[in-house]
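Here's a quick briefing to read with the structure open beside you. Take it topic by topic and find each residue as you go.

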Amino acid sequence: MADIDTPKPIKPRTFSDQLMEAAARVGELPNEEVARLMMKAAIRLRVVQETGIKLEHIPVAAYHLLRRISRGPVAASDEMGHDEEQAVGFLLSRDLIVKSDDGSQLSITAAGEELGEIADERI
């Protein structure tokens with residue numbers, strides 16, 4: 001017999017779900033919320049237009065590093081382990097992160113923020 005008291009995990013809503021819901025209720029939403037959603041949609045569209053739709057597997061180490069960088073710039077040190085060096089190379093080669101001019105910091109790009117809805121996690 002199923003335990004009816006066990007709560008089901010709440011799945012976070014994706015940005016596309018939020019956007020569709022907002023489109024259906026655009027007259028009810030505050031202008032700030034409509035503007036925020038439109039800006040996010042415009043950024044995603046720009047990323048797709050500039051880079052095209054690229055579907056590929058992202059290594060776990062690279063995804064975790066990208067999430068860490070999304071919270072703020074991360075030092076690009078010579079003391080990174082082999083896995084982190086490979087993750088940095090993967091993310092740089094796909095324009096998901098950039099190095100600062102002096103090479104000391106790693107920062108996320110707009111394309112990186114849109115990957116896996118990382119930007120949504122910070123809101």
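## The overall picture

Starting at the N terminus, the elements of the protein chain come in the order α-α-α-β-α-β-β-α-α. That gives six helices and three strands. Keep in mind that this is a predicted model.

- The protein chain has 123 residues, and 27% of them count as buried.
- Look at the contacts in the protein chain with a separation of 6 or more: 59% of these come from residues 24 or more positions apart.
- About 8900 Å² of the protein chain is exposed, with carbon and sulfur atoms supplying 57% of that.

## The sheet

- The three strands make an open sheet in the order β1-β3-β2, and the pairing is antiparallel.
- Which strands stand at the edges? They are β1 (74-75) and β2 (97-99); each has a single partner strand, so one side of each has no neighbour in the sheet.
- β2 and β3 (residues 105-108) run antiparallel and are joined by three bridges. Across this pairing, I97 stands opposite I108, and K99 stands opposite L106.
- β1 and β3 also run antiparallel, with two bridges joining them. Here A75 is the residue that stands opposite Q105.
- In a regular strand, side chains alternate between the two faces of the sheet. You can follow this along β3: L106 and I108 point to one face and are buried, while Q105 and S107 point to the other face and are not buried.

## Helices on the sheet

- Go back to β2 and β3, the antiparallel pair joined by three bridges. Helix α3 (residues 60-70) packs on the sheet and touches β1, β2 and β3, with its direction at about 90 degrees to that of β3.
- Helix α4 (residues 82-93) packs on the sheet too, touching β2 and β3, and its direction makes about 105 degrees with that of β2.
- The two helices also pack on each other: α3 and α4 meet at an angle of about 75 degrees, and their axes are 8 Å apart. Angles of 65 to 115 degrees count as roughly perpendicular, and α3 and α4 are therefore roughly perpendicular to each other.
- On the α3 side, A61, A62, L65, L66 and R68 make this contact. On the α4 side, the residues are D83, E84, A87, V88, F90 and L91.

## A closer look at α3

- Which residues of α3 are buried? The list is A62, L65, L66, I69 and S70. Seen down the axis of α3, these buried residues fall within an arc of 140 degrees, so they line one face of the helix.
- Turn to the face of α3 that points away from its buried side and you'll find the exposed residues V60 and H64.
- A61 lies in α3 as well, and it is partly exposed, at a relative accessible area of 37%.
- If you skip neighbours within four places in sequence, A61 is in contact with D83 and A87.
- A61 and F90 are 29 residues apart in sequence, yet their C-alpha atoms are 9.9 Å apart in space.

## Loops and turns

- Just after α3 comes G72, which takes a positive phi of about 155 degrees.
- Where is A76? A76 lies in the loop between β1 and α4. At 22% relative accessibility, A76 counts as partly exposed.
- Leaving out residues up to four places away in sequence, A76 touches G103, S104, Q105 and L106. For A76 and L106, the gap is 30 residues in sequence and 6.0 Å in space, C-alpha to C-alpha.
- G103 belongs to the hairpin of β2 and β3, which has five residues between the strands, and takes a positive phi near 80 degrees.
- D95 sits in the loop between α4 and β2. Its phi is near 55 degrees, a positive value in a residue other than glycine.
- Is D95 buried or exposed? With a relative accessible area of 51%, D95 is exposed; the cut-off for exposed is over 50%.

How values were computed:
Residues are numbered from 1 along each chain as its sequence is written. This is a predicted model: local features need pLDDT of at least 70, side-chain atom pairs count only at pLDDT 80 or more; totals for chains, interfaces and linings use all residues. Side-chain values use heavy atoms; hydrogens and water are left out. Two strands pair if DSSP finds at least two bridges between them. Helices (H or I, at least four residues) and strands (E, at least two) are DSSP runs, numbered from the N terminus. Contact means heavy atoms within 4.5 Å. Axes are lines fitted to C-alpha atoms, for helices over the stretch in contact, and angles run from 0 to 180 degrees between N-to-C directions. Buried means under 20% relative accessible area, exposed over 50%, partly exposed in between (1.4 Å probe, protein chains only). The arc is that of the directions from the helix axis to the C-beta atoms. Accessible areas come from the Shrake-Rupley method with a 1.4 Å probe; for residues, only the protein chains shown count as cover. Angles under 35 degrees count as roughly parallel, over 145 as roughly antiparallel, 65 to 115 as roughly perpendicular and the rest as oblique.
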